[in-house]
Amino acid sequence: MKRTALALGAVAALGASPAQAGELVAGGKLLLTGGVTNLEGAGGGGLASWATITGYETRDGVGANVHATRVDLPDYGFRAYGAAVGFRDRVELSYARQAFDTGSTGVKLGLGDGFTFRQDVVGAKLRILGDALYDQDRLLPQVAVGVQFKHNNQGAVIRAVGGKDHNGIDYYVAATKILLNESLVLNGTVRLTKANQTGLLGFGGDGDDGYSAQFEGSAGYLVSKRLLVGAEYRSKPDNLGFAAENDWVDVFAAYAVNKHLSVTVAYADLGDIAGFEDQRGLYVSLQAGF
């Protein structure tokens, strides 16, 4: 009852009418406040993992999502699909299958036309304290810890370009805060990783083979109950000697058709990838679930 009352208070803060309240609190969370699905399949923004647990359910239920994501860049293409399940707003399990298509650029890299790196990402996240939505009376954010095991299918190519391994594990801690009075969603994540281009080019390298701490930040503004706009930044290590790796940024808009379907569109700047500069393009992700 306390959470319902707080949620209805949040509805009022967002300017929704009582008639809209049932729609807004369906499943226990306000639309979009749980985030969407990121590139690696975890709940969050497009580039960053958040502390939120996927789905709209609270501690009383189970939520789940499936997603499909596409990023078109000048010299490459990226596709991903997967699923995630959130248990009682406490534990999240996720899986994503990624394909990084070099297209005609593969010929220039000596890999052949349409050469594709594929990566499987299996993730787990545990909320350890706070509640991003319901803790409106204190500044404490929701905090979660997560782990992602990544397996790349191109071990021989990765070693040929200086990578050390085709398998890797990322560890992260994320803090997410929703400020309903200001209609803001804020997130900060620190990730320990060896991943080159998030693992699409393997893990570790001839430049550096150790773990490094990288930052992921997101800031979003709830324009309405269905529309969230914002920006993200993700720093990355630079382990490979043959090509510099840059940090990633994007600006995004996420729209919830209803609690079962949302679409995220972003303009992403992924910097240089494998020696090809200015990889900027459109990011589109569809998510369906409950």
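The following exchange concerns aromatic pairs and nonpolar cores in a predicted model.

Biologist: How many aromatic pairs does a search of the whole structure find, and what is the angle between the planes of Y76 and F276?

Modeller: The search of the whole structure gives 5 aromatic pairs. One of them joins Y76 and F276, whose ring centres are 6.1 Å apart. Because planes over 60 degrees apart count as edge-to-face, this pair is classed as edge-to-face, the angle between the planes being 85°.

Biologist: Which parts of the chain does the pair of Y76 and F276 link, and how many residues apart are they?

Modeller: Y76 sits in the loop between β3 (62–72) and β4 (77–87), while F276 belongs to the loop between β15 (261–269) and β16 (280–289). The pair therefore links distant parts of the chain, and the two residues are 200 residues apart.

Biologist: Is F117 buried or exposed?

Modeller: F117 forms an edge-to-face pair with F115, at 5.2 Å centre to centre and 80° between the planes. Since residues under 20% relative accessible area count as buried, and F117 has a relative accessible area of 3%, F117 is buried.

Biologist: Which strand gives the most residues to the largest nonpolar core?

Modeller: This core has 40 residues, of which L39, Y76, L228 and I273 touch the most other members. At least two residues of the core come from each of β4, β14 (248–258) and β15. With 4 residues, the strand that gives the most is β14.

Biologist: Leaving aside neighbours within four places in sequence, which residues are in contact with I273?

Modeller: I273 is among the core residues that touch the most other members. With those sequence neighbours left aside, its contacts are L73, Y76, F100, Q197 and Q279.

Note on methods:
Residues numbered from 1 in each chain as written. Predicted model: local features only at pLDDT ≥ 70, side-chain atom pairs only at ≥ 80, totals over all residues. Heavy atoms only, no water. Phe/Tyr/Trp six-rings, centres within 6.5 Å; stacked < 30°, edge-to-face > 60°. Buried < 20%, exposed > 50% of the residue type's maximum accessible area, 1.4 Å probe, protein only. Core = buried A, V, L, I, M, F, W, Y, C linked by side-chain atoms within 4.5 Å. Contact = heavy atoms within 4.5 Å.
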